[in-house]
Amino acid sequence: VMDNLHLTSLKILKSIHLKFKRKCLEDEFTLQKFVNRALDIYNADDEFKEKIKNYTELEESGSMI
């Protein structure tokens with residue numbers, strides 16, 4: 001299984017991450033599960049891909065949002 005994994009590092013917005021962590025505790029879900037599933041849907045679903053690409057509700061910061 002380890003051969004199929006790619007280790008990466010991300011900078012994510014703290015306020016959004018804290019909200020996500022709270023919800024994950026309630027739902028017994030993880031960031032890793034979320035990212036893998038979101039990437040898979042992004043690759044397979046053009047409507048989802050466009051929705052994500054055109055999402056503008058995040059506050060600008062020093063990172064590449």
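Hi everyone, this is a short walk through the helices, a surface patch and a salt bridge in one predicted model.

Let's start with the overall layout. The chain has three helices and zero strands, and read from the N terminus the order is α-α-α. How much of the chain is buried? Of its 65 residues, buried ones make up 3%. The chain exposes about 6,800 Å², and carbon and sulfur atoms supply 54% of that area.

Now, please find helix 1, residues 14-27, and follow the chain into the loop that leads to helix 2. Glu28 sits in that loop. I'd like you to pause on this residue, since its phi is positive, about 55°, although Glu28 is not a glycine. Is Glu28 buried or exposed? With a relative accessibility of 71%, Glu28 counts as exposed, because the cut-off for that class is over 50%.

Moving on, helix 2 covers residues 31-44, and Leu31 belongs to it. Leu31 is a handy landmark, and I'll use it twice. For the first use, look back to Lys21, which has its place in helix 1. Lys21 and Leu31 are ten residues apart in sequence, and their C-alpha atoms are 8.0 Å apart in space. Lys21 counts as partly exposed, at 43% relative accessibility. Leu31 also falls in the partly exposed class, with 37%.

For the second use, turn to the surface. Which residues form the nonpolar patch there? They are Leu10, Ile12, Leu31 and Phe34, and together they have about 380 Å² of accessible area. Leu31 can be part of such a patch because patch residues need over 30% relative accessible area, and Leu31 has 37%.

Next, the packing of helix 2 against helix 3. As a reminder, two packed helices are described by the angle between their axes and the distance between the axes. Here helix 3 spans residues 46-53, and it packs with helix 2 at an angle of about 110°, with the axes 6 Å apart. That makes helix 2 roughly perpendicular to helix 3, because angles of 65 to 115 degrees fall in that class. As for handedness, the crossing of these two helices is left-handed.

Let's stay on helix 3 for the last stop. Side chains of opposite charge can pair when their charged atoms come close. How many salt bridges does the count give? The count comes to one salt bridge. Its partners are the side chains of Glu50 and Lys53, with 3.7 Å from N to O. Where do these two sit relative to each other? They are three residues apart in helix 3, so about one helical turn separates Glu50 from Lys53. Both partners have some accessible area: Glu50 is partly exposed at 38%, and Lys53 is partly exposed at 48%.

To wrap up, the picture I'd like you to keep is a predicted model with three helices, a nonpolar patch that includes Leu31, and a salt bridge between Glu50 and Lys53. Thanks for listening!

How values were computed. Residues numbered from 1 in each chain as written. Predicted model: local features only at pLDDT ≥ 70, side-chain atom pairs only at ≥ 80, totals over all residues. Heavy atoms only, no water. Patch = residues over 30% accessible without salt bridge, like charges linked within 9 Å, V, L, I, M, F, W, Y side chains within 5 Å. Areas by Shrake-Rupley, 256 points an atom, 1.4 Å probe, with all protein chains shown as cover. Salt bridge = Lys/Arg side-chain N within 4 Å of Asp/Glu carboxyl O. Helix = DSSP H or I, 4+ residues; strand = E, 2+ residues; numbered from the N terminus. Buried < 20%, exposed > 50% of the residue type's maximum accessible area, 1.4 Å probe, protein only. Axes fitted to C-alpha atoms, helices over the stretch in contact; angles between N-to-C directions. Parallel < 35°, antiparallel > 145°, perpendicular 65-115°, else oblique. Left-handed = near helix turned anticlockwise from the far one by under 90°.
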